[in-house]
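Q: Can you walk me through this one? I'd like short answers.

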Amino acid sequence: MIDAKKIREDFPILRRRVHGKPLVYLDNAATTQKPRQVIAALTDFYENHNANVHRGVHTLSDEATQLVEDSRKKVAAFINAPKPETVIFTRNATESINLVAHAWGRKSLSAGDEILLTEMEHHSNIVPWQLLAEEKGVKLGFIPVRPDGTLDLEQAARLITPKTKLLAFTAASNALGTLNAVEKLLALAKAAGAKTLVDGAQWVPHLKTDVTRWDCDFLVFSAHKMLGPTGIGVLYGKEALLESMDPFLGGGDMISQVSLERSTYNVLPYKFEAGTPNIADAVAFGAALDYLSRLGMDAVRAHELELTAAALKIFSEQEGVPVYGPKDLAQRGGVVSFNIDGIHAHDIGTAFDLEGVAVRAGHHCCQPLWAKLKAAGSARASFYVYNTLEEVSELGRVLRKTAAFFGKPAAAAR
Amino acid sequence: MEGDSELQDLYREVLLDYFRSGAHKGKLDPADYHAHGLNPVCGDEVELTVQVKDGKVFAIRFSGHGCVISQASSAMMAESLEGATLPRAKQLVGAFKDMMLSKSAPEAMPPELEAVNALAGVRKFALRVKCATLAWNTLLQGLERQPAASGPEK
C-alpha cells in the first residue's frame with residue numbers, strides 16, 4: 001500500500017499555494033512533480049561529479065560515465081529489457097518515435113507499405129509517421145476508437161494485413177485514460193509479420209512494464225512523466241533491429257572511426273546517442289526509478305485505481321458532467337477526462353486553477369480523437385503516487401462549485 | 001476567498017450574459033469579408049462574416065466553438081464595431097489589442113469599446129489573453145485581405 005501523505009513530504013512543490021489555496025496537482029499525465037531525491041541527484045551530480053562522458057580518462061569523466069550507465073541499467077531493469085545496450089537515451093518519447101521513423105522507417109519502408117496507428121494517438125505518434133508517409137509514399141491506417149473510448153479490436157484484426165509493416169500504438173491513452181489490450185494488439189501485429197512500437201509514455205509511469213514478455217520491437221517513454229527530470233526519454237529496441245538501423249543523428253560519441261570520407265559507427269547504444277548527452281538528467285532519472293521501484297509498481301497501480309474509482313463515483317453523481325473513457329476500471333488508468341455541459345474545457349481549467357486545482361484542459365494533443373468523439377476537448381484530472389483521497393474530494397467540491405457558477409444544465413449541484 | 005473574487009473578476013456577469021445570449025452568432029450570406037481564425041493552443045476556431053454598406057461595417061456574425069472568454073469577446077466585438085467605418089474598425093481592433101496586451105489602460109479605450117472593458121480582467125491570465133483576442137485578430141486579417149469575391153456590389 002502507498003502512504004501518499006508520507007510520500008508528499010518528499011515533494012517540496014506540493015507545499016505551494018496557488019491563488020491562496022493549497023495546490024492540488026492533478027496534471028500528472030502532462031508531467032509529474034519531482035521528489036527531493038531526484039532534485040538531490042541532479043544537484044549532487046553538478047556539485048560533485050560533473051564531467052563529459054565516454055571520452056575523458058580523468059576521474060570525474062569516469063564517475064559521470066558510470067552514473068549514466070547505472071541509470072541505463074536501472075531503466076533496463078525497470079522495463080525488463082534483456083540488456084542495458086537496448087536502452088537508448090533520447091530527449092523524450094517524441095524524439096524516440098522520430099528516431100524510429102528516421103532510422104528504421106526511412107531505411108526499411110517503401111511505397112505501398114502500410115503503417116497502422118490508432119485514432120487515440122497523441123500527435124507525437126501521428127505526425128512523425130505522416131512526415132514519413134509523405135516522403136516515402138507509405139500509407140497510414142488507423143484502428144478506430146469506439147464511443148466508450150476503447151479500441152475496436154475486431155477492426156484492428158481486419159486492418160492488420162501483410163502490407164502492414166509497423167503497428168505503432170499507445171499502451172494507455174493520455175486523453176481518456178484507456179488502457180489498451182497491449183498483448184492482443186502485439187499478437188495481431190506479430191501474426192502479420194509487422195514490427196511494433198508501443199508508446200509507453202502513459203503506461204510505464206503507472207503500471208508494470210515488461211518488454212521481454214510483451215516482445216515488442218520498440219518502446220518509448222519520457223522520464224518527466226515518472227518523477228524524473230524533463231529533457232530525458234527512452235527508446236528501447238530489440239537489439240538485432242537496432243543493430244540493423246542506420247544512425248539517427250550524426251556527430252561525436254556515435255562514431256567508431258571518422259575519416260574525411262567516411263565513418264564507422266559506434267556500438268549500441270552509443271550509435272544513437274550523438275553528441276554530449278543529457279548527462280545530469282539521465283543520472284537524476286535513475287533516482288526517480290529508484291523511488292518508483294521502492295514503492296513498487298503494483299502498489300502504484302493500486303493507489304491510482306483507488307483514487308480513480310473515488311473520482312469516477314463523485315463525477316457520476318453530478319448531472320451534466322460527461323466522463324470519457326471506459327467504465328471498467330481494469331481498462332482504465334489514473335485519468336478522469338470530463339466536461340461540464342455548456343462550458344468550454346478552458347473555462348473549467350481556469351475556474352479549477354482559481355481553487356488551486358491544476359488540471360489540463362483542451363484537446364490533449366489528440367485532435368483526431370476528439371473529432372471522432374465529437375467533442376472539442378475535455379478537462380482532465382490525472383493522478384499519481386502523491387495524490388490523496390482528500391484531494392479527490394476537493395476535486396469533487398470544485399467540480400460542483402464550477403458547475404454551479406457557470407449555471408445552466410449542471411446547476412443542480414448538490 | 002481570494003479565488004472566488006478572482007473567478008468573479010474574470011468571468012464577470014456581463015461576459016456570461018454575452019456568452020449565453022447567442023447574439024451575433026451565425027453566418028452572413030452574402031458576405032463582403034470572410035475570415036477564419038484558429039487558436040492552436042486550444043484548437044478553438046472562429047469563422048467571421050462581415051457585411052459592409054457605404055464604407056461602414058454593417059453586420060458581423062461569428063461561428064465556431066470556444067470558451068466563455070472567446071465567445072463573449074466575439075459577440076462584444078461584433079456589437080462594438082457595427083457602424084464603424086472600415087478604417088475606424090481597424091483602429092478599434094488595434095486599441096482593443098493594446099489594452100489586452102497591457103500597452104494601454106482600460107480607461108483609455110475609445111468610447112465605442114466601452115462595453116469591452118469587461119474583458120480587462122482577462123489580462124491577469126496570460127494564457128487566456130489569446131482567447132479574448134482571437135476574433136479581433138481574425139477580423140483584422142480578414143479586413144486586410146481583398147473583399148470576398150462572392151460579396152454583393154457596393
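What follows is a short chat about one residue, one helix pair and one chain contact.

Q: What kind of model is this?
A: It is a predicted model; local features need pLDDT of at least 70, side-chain atom pairs count only at pLDDT 80 or more, and totals for chains, interfaces and linings use all residues. Residues are numbered from 1 along each chain as its sequence is written, with chains lettered from A and ligands numbered from 1 in the order in which they are written.

Q: Where does Ile7(A) lie?
A: In helix H1 of chain A, residues 4–8. Helices here are DSSP runs (H or I, at least four residues), numbered from the N terminus.

Q: Buried or exposed?
A: Ile7(A) is partly exposed, because 19 other C-beta atoms lie within 10 Å. Buried takes 20 or more, exposed 12 or fewer, with C-beta atoms placed from the backbone.

Q: What is Ile7(A) in contact with, leaving aside neighbours within four places in sequence?
A: Ile2(A), Val385(A) and Tyr386(A). Contact means C-beta atoms, placed from the backbone, within 7 Å.

Q: Switching to chain B. At what angle do H2(B) and H3(B) pack?
A: About 80 degrees, with axes 8 Å apart. H2(B) and H3(B) are therefore roughly perpendicular (65 to 115 degrees).

Q: Which residues make that contact?
A: From H2(B), they include Leu15(B) and Phe19(B); from H3(B), Val68(B) and Met76(B) are among them.

Q: And how many residues does each chain give to the contact between chains B and A?
A: Chain B gives 14 and chain A gives 16. Helix H1 of chain B, residues 2–10, supplies the largest share of the chain B side, 5 residues.

Key:
Helices (H or I, at least four residues) and strands (E, at least two) are DSSP runs, numbered from the N terminus. Two residues are in contact if their C-beta atoms, placed from the backbone, lie within 7 Å. Axes are lines fitted to C-alpha atoms, for helices over the stretch in contact, and angles run from 0 to 180 degrees between N-to-C directions. Angles under 35 degrees count as roughly parallel, over 145 as roughly antiparallel, 65 to 115 as roughly perpendicular and the rest as oblique.
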